[in-house]
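Reader: I spend my days at the bench and would love a close look at the salt bridges here. Could you take me through them, with a little background on the chain they sit in?

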Amino acid sequence: MPPLHRPGRPAGAGGPRALARAAIVLAATAALLPPLAGVAPAAPQAAAASDVGVRVNTQAALGRLTDTARGVNTAIWDSHMNDPEVAGLMKAADVGMMRYPGGSYADIYHWETHTAPGGYVAPGTGFDAFMGTVRATGAQPILIANYGSGTPEEAAGWVRYANVTKNYGAKYWEIGNEIYGNGHYGSGWEHDDHADKSPQEYARQVRAYAKAMKAVDPTVRIGAVLTAPGEWPDGVVGGSDPGDWNNTVLSQVTDVIDFVSVHWYAGGADTTAQDAMTRLTRLPGELREVRAQLDRYAGADSPRIGIALTEINTNTGGARLTARPNGLFAADAFMTALENGVFNVDWWDTHNGAGQITTVDGETDYGDMGMLSSGACAGDVCEPAPNTPFHPYYGMKMTSELGTAGDTMVAAESSAQDVSAHAVLRRDGRLSVLLVNKNPDAARTVDLDYAGFTPSASAPEVHRYARGDSDVTEVADGAVSASQVTVPPYALLTVTLEPRAGTGPGASAAGTPGTPRLDAVTDTTARLSWTGATGAARYVVQERDGTHTRLVGETTGTSVTLRNLPPGSTHTVNVLASDASGRLSGPSSPLTFTTGTPADAACAVTYHRDTGWGNGFVATITVRNLSDTPITGWTVDWDWPTGGQSVSSGWNATFQQTGAHVRVTAPEGAGPLAPDGASTVSFGFVGANDGPNPDPTVFRLNGAVCSGG
């Protein structure tokens with residue numbers, strides 16, 4: 001059997017966080033926004049008692065689906081990667097991206113000779129054969145240039161062959177695979193022949209690769225490898241490095257890259273799919289931190305740089321990977337990632353090979369990380385015929401019933417931790433809602449509530465993948481209405497609704513505005529601008545919190561200044577256009593921004609993360625008194641940006657944490673803080689983080705907001 005991919009990162013410690021997301025009531029300004037939508041009449045039979053509430057707000061956009069949204073990995077050791085059935089299956093699931101030549105193999109693979117010294121290369125897996133499958137699928141390739149044993153010149157030659165000689169139009173190119181796993185941080189699974197294995201050297205080489213490859217084809221998009229924030233080795237500073245991997249690399253490459261590549265596995269080989277579905281709640285925060293890092297180093301150029309989640313699965317190999325719960329995870333994970341700012345999600349893997357054999361939900365689980373069977377055996381247990389889809393394939397396929405390229409993902413929230421909800425406003429005005437019932441034992445009856453959308457009285461279109469279904473199946477269910485639906489246990493259900501005639505964005509004469517840009521930001525204001533929409537009489541700016549939206553600005557122009565914002569606060573906004581009759585367009589894609597701290601504050605704080613190890617860190621805080629009077633008996637307060645951050649122990653002060661709030665008190669006998677910055681006080685602590693570990697945004701000295709952070 002060919003060797004299998006192993007991501008190889010140590011599993012992060014820390015337990016799963018709760019998944020509960022409460023339903024939130026929409027608050028809108030009635031004078032400017034249309035009234036909340038009603039719902040279609042219930043089916044004639046008596047409605048069942050619901051146990052879950054799901055709210056959808058079509059005026060709160062999360063972004064638009066791209067033509068590369070759904071992707072899969074392919075590998076040169078996979079003898080079935082180019083079977084004719086593969087293209088048909090992937091086309092049926094609306095797969096738009098196929099990654100090659102396969103994880104860590106990329107760093108030993110030489111495209112021109114189609115060799116991977118030290119590894120197995122299956123017959124019929126060369127680049128041209130792969131591109132035949134890509135084209136038959138109607139997808140695009142994402143190619144990994146060999147960093148570990150290759151050169152910029154070799155990569156440039158591949159670009160020349162692909163895009164000049166063969167005219168394949170290969171747009172996306174990553175520089176290496178998981179290069180942070182080259183041993184620099186102590187754990188090494190990624191091949192790297194460079195004498196210097198530091199992030200500084202990787203950044204220098206990314207610049208060299210980008211220069212050589214874009215000299216051949218200036219239109220190619222270059223991707224740099226990052227770690228997922230909160231996952232090893234995030235936060236680890238090696239040797240004489242100036243910082244951890246992400247901060248060091250991004251400080252040097254944002255002007256030459258077009259996207260970043262991140263991998264996310266929910267845990268190690270002992271992670272069950274049920275665990276993974278719970279741990280998926282960490283992913284939005286980790287992706288927000290990737291964007292925050294890009295904002296920090298790319299500034300106004302940050303929106304140009306995309307995020308690709310080029311590997312995802314429940315765990316790093318071993319067991320419980322082909323069973324039904326991993327199909328639920330696949331659907332939930334694809335949509336969660338796409339809703340949180342990535343343009344592409346690639347499942348690991350197309351085929352992978354049998355591993356540990358177990359029984360899950362009454363079915364054999366083959367311990368295979370693939371979406372399709374490779375026909376391999378583990379002992380005396382053999383997988384079904386090659387290319388038989390496993391449950392994760394149907395999970396991905398179900399997301400294509402939810403939406404396709406150009407459709408708008410909108411906010412949806414569930415009141416139950418074992419039911420996830422995702423929603424997409426279709427370009428033709430329909431609304432699709434995907435419900436994921438992660439409860440293996442009980443069906444869940446869901447009440448559906450809408451803001452900004454009025455369903456018609458016609459019966460919804462329903463697609464289901466549940467026990468007993470051999471594929472994603474369109475079903476006629478008289479019990480399903482626009483206001484209520486019952487989801488079988490361990491099942492996926494997508495409900496697609498027609499809008500009531502004369503309602504929704506399709507009834508407005510105004511087009512959709514462009515994504516807002518952040519032109520300037522202070523501690524209390526933010527100036528936004530956007531590309532105007534045809535037919536717009538005015539624009540409204542709405543801030544989103546979950547599925548709750550509120551009006552924060554309006555204008556007849558294409559810019560607005562938001563005022564009276566709290567220092568260090570984070571905001572997500574959409575812009576909608578109103579036509580002359582007051583009917584609103586669809587929402588723009590979102591903008592998220594954070595206000596700063598006052599430049600003329602009476603105090604200054606420096607927060608420095610000294611070191612980290614994925615799920616823990618050490619930090620030092622330094623405080624200066626900039627007022628003209630001394631301060632005796634000081635306190636310093638801050639709030640953690642995420643729920644998984646905490647202080648474990650500290651020194652040179654007394655620490656108290658309540659919820660996300662931390663208060664640090666001067667030690668007994670401490671002298672005064674001298675005025676005008678003449679003296680400083682420093683204290684430190686050991687912290688823990690379950691998931692991403694963003695820096696606090698605001699510090700207060702005796703209640704006064706300080707500059708810095």
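Author: Happy to; here is the chain as a whole, followed by its salt bridges one by one.

Please keep in mind that this is a predicted model. The protein chain has nine helices and 38 strands. Its radius of gyration is 26 Å, close to the 27 Å that the globule rule gives for 709 residues, so the chain is as compact as a globular protein of that length. The C-alpha trace spans about 80 × 70 × 50 Å along its principal axes. Buried residues account for 58% of the 709. If you look at contacts between residues at least 6 apart in sequence, 74% join residues at least 24 apart. The chain exposes about 25100 Å², and carbon and sulfur atoms supply 51% of that area.

Now to the charges. The chain carries 47 positive and 71 negative charges, and the mean positions of these two sets are 6 Å apart. The structure holds 29 salt bridges, and three of them deserve your attention here.

Let's begin with Asp258 and Arg304, whose side chains meet in a salt bridge at 3.1 Å, N to O. Asp258 sits in the loop between helix H5 (245-253) and strand E7 (259-265), while Arg304 sits in the loop between helix H7 (283-298) and strand E8 (306-313), so the pair ties together parts that are 46 residues apart in sequence. Asp258 counts as buried, with 15% relative accessibility, whereas Arg304 is partly exposed at 36%.

Next, try Arg427 and Asp407. Their side chains form a salt bridge with 3.0 Å from N to O. This pair also links distant parts of the chain, 20 residues apart: Arg427 belongs to the loop between strand E15 (419-425) and strand E16 (431-437), and Asp407 to the loop between helix H9 (391-402) and strand E14 (408-414). Here Arg427 is exposed, with a relative accessibility of 61%, and Asp407 is buried, with just 2%.

Before leaving the loops, go back to Asp258 and Arg304 for a moment: salt bridges that share partners join Lys214, Asp258, Asp301 and Arg304 into one network. The pair you met at the start is thus part of a group of residues.

Finally, there is Glu289 with Arg296, a salt bridge in which the closest N and O atoms are 3.9 Å apart. Glu289 is buried, at 7% relative accessible area, and Arg296 is partly exposed, at 45%.

Conventions. Residues numbered from 1 in each chain as written. Heavy atoms only, no water. Helix = DSSP H or I, 4+ residues; strand = E, 2+ residues; numbered from the N terminus. Rg over C-alpha atoms; globule rule 2.2 N^0.38 Å. Buried < 20%, exposed > 50% of the residue type's maximum accessible area, 1.4 Å probe, protein only. Contact = heavy atoms within 4.5 Å. Areas by Shrake-Rupley, 256 points an atom, 1.4 Å probe, with all protein chains shown as cover. Lys, Arg positive; Asp, Glu negative; His and termini not counted. Charge placed at Lys NZ, Arg CZ, Asp CG, Glu CD. Salt bridge = Lys/Arg side-chain N within 4 Å of Asp/Glu carboxyl O.
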